[in-house]
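The exercises below can be worked through with the sequence and the coordinates side by side. Try each task before reading its solution.

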Amino acid sequence: MAPIEIKKVTDRKQLRQFVQFYYDLYRGNQHFVPYLFFDEMNTLRHDKNPSFECCDAEYFMAFRDGKMVGRVAAIINRRANERWDVRQVRFGWFDFIDDIEVSRALLKAVEDWGREQGMNQMAGPMGFIDTDREGMLVEGFNELSTMYVNYNYAYYPEHMERLGGFRKDNDYMEYQVKVPEVVPDKFAKITEMVTKRYGLNIRKFTRRELVEGGWGRKIFEMVNETYSNLYGYSHLSERQIDKLVSDYIKIADLNLISSVMDGDKLVAFGVTFPSFTRALQKTRDGRLLPFGWWQLLRILKWHKTDTVDLLLIGVLPEYRQKGANALIFNDLICQFQRYGFKYAEAMPQMEANEAVRSQWQYLESRQHRRHRCYRKDL
């Protein structure tokens, strides 16, 4: 066989090729969900992604006989490295054909670049920050994916085992939850109790309050506080928060966002979106034109899906024992019932976070996917 050639992405045309490879690799796979093409491009562009204020990155493509056969991003998040006192290079956007020489060459490119930058360990798959997709799929290859998690073939983790030197660093578990016909007594009773005892209540903000009044920013400022001790977390800056407000809050159905208040203080939140999974599968490689925009609009405006995605839930530490999360579920379940959603997709939760995972015991649920981050000392 011809040798593997590794090329670094140096211009916009090559970046488009880097992004396009994923769609080509999974074309025809019924479990694969295309990501929005423009969103992938903007995330990887230095001039579009505010994460580059704390990150450095290089992108590598693998070729054999002139044909692209793999890709990988090498990322250094300086803010996260300082927070966790490590010298770590991350690898992400890691995709390849079933050829061990290809995966080996790609990870070596990350390793070599990381060493040049003074790093002594590598970990991934990870993105720039925690709102990017993390982890390699190791369970649930025959489950329908979502736009918020990585999907990959079963041979990916097999390669990681064969390459040597990589070990499990963290696992994320995902659940499919059946929306109950009535709110479980557990949530209803706790909601009644905490409302009377602690004076907590649900507030539905207007778009103006969230975007112009600063409450949307407060939600993501709370993410910094409630997620700060989670695996590899990187503190969100003001620019990153502003982008998240623009990407999510500006277009969200506000009935699907729950905010728990203690007087005028925001103490917990839940952000959910109707699932774009099936709509994205009807697009042409995640592009809005010619008709992809219509598929997404049907979800945003008319909720033409039976599934809702649970994107973010956060509760201030001092309110976790006061049942604030029960208020969130009590409110959201009622909204899900009203919209006719049958299922909820709970986004990745750390395997070690038993307190979060235990909440699904009160609902009919199944753990159907698992993603893994690997680490290797350099």
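**Exercise 1. Place D99 in the fold, decide whether D99 is buried or exposed, and list its contacts beyond its sequence neighbours.**

Solution. Begin with the position: D99 is found in the loop between β4 and α4 (100–116). Bear in mind that this is a predicted model. Next, take the accessibility: the relative accessible area of D99 is 12%, and because buried means under 20%, D99 counts as buried. Finally, once neighbours within four places in sequence are set aside, D99 is in contact with M1, R64 and H159.

**Exercise 2. Classify the ring pair of F91 and F166, and state which parts of the chain the pair links.**

Solution. The structure holds 29 aromatic pairs. In this one, the ring centres of F91 and F166 lie 6.2 Å apart and the planes meet at 75 degrees, so the pair is edge-to-face, the cut-off for that class being over 60 degrees. As for the parts that are linked, F91 belongs to strand β4 (residues 88–96), whereas F166 belongs to the loop between α5 (155–163) and β7 (167–178), and the two are 75 residues apart. The last step is burial: F91 is buried at a relative accessible area of 0%, and F166 is also buried, with a value of 14%.

**Exercise 3. Repeat the analysis for Y248 and F273.**

Solution. The geometry comes first: this aromatic pair is edge-to-face, with 6.0 Å from centre to centre and 80 degrees between the planes. Y248 lies in helix α9 (residues 238–249) and F273 in strand β10 (residues 265–274), so the pair ties together parts that are 25 residues apart in sequence. With regard to accessibility, Y248 is partly exposed, having a relative accessible area of 23%, while F273 is buried at 2%.

**Exercise 4. Find which rings have the charged side chains of K7 and R338 over them.**

Solution. Starting with the lysine, K7 lies over the face of F63, at 4.7 Å from the ring centre. Turning to the arginine, the charged end of R338 sits over the ring of Y339, at 4.9 Å from the centre of that ring.

**Exercise 5. Check the length of helix α12 against expectation, and describe what its buried residues pack against.**

Solution. Helix α12 (residues 324–339) has 16 residues, which at 1.5 Å a residue should span 22 Å; the end C-alpha atoms are 23 Å apart, and the two values therefore agree. The buried residues of α12 include A324, L327, F329, L332 and F336. Their packing partners are α6 (185–198), β8 (200–203), β9 (257–262), β10 and β11 (307–315). Just after α12, G340 takes a positive phi of about 80 degrees.

**Exercise 6. Carry out the corresponding check for helix α8.**

Solution. The 12 residues of α8 (residues 215–226) should span 16 Å at 1.5 Å a residue, and since the end C-alpha atoms are 16 Å apart, the helix agrees with expectation. Among the buried residues of α8 are W215, I219, F220, M222 and V223. The cover over the buried residues of α8 includes β8, α7 (207–211), α9, β9, β10 and β11.

Methods: Residues numbered from 1 in each chain as written. Predicted model: local features only at pLDDT ≥ 70, side-chain atom pairs only at ≥ 80, totals over all residues. Heavy atoms only, no water. Phe/Tyr/Trp six-rings, centres within 6.5 Å; stacked < 30°, edge-to-face > 60°. Helix = DSSP H or I, 4+ residues; strand = E, 2+ residues; numbered from the N terminus. Buried < 20%, exposed > 50% of the residue type's maximum accessible area, 1.4 Å probe, protein only. Lys NZ or Arg CZ within 6 Å of the ring centre and 35° of its normal. Expected span 1.5 Å × (residues − 1). Contact = heavy atoms within 4.5 Å.
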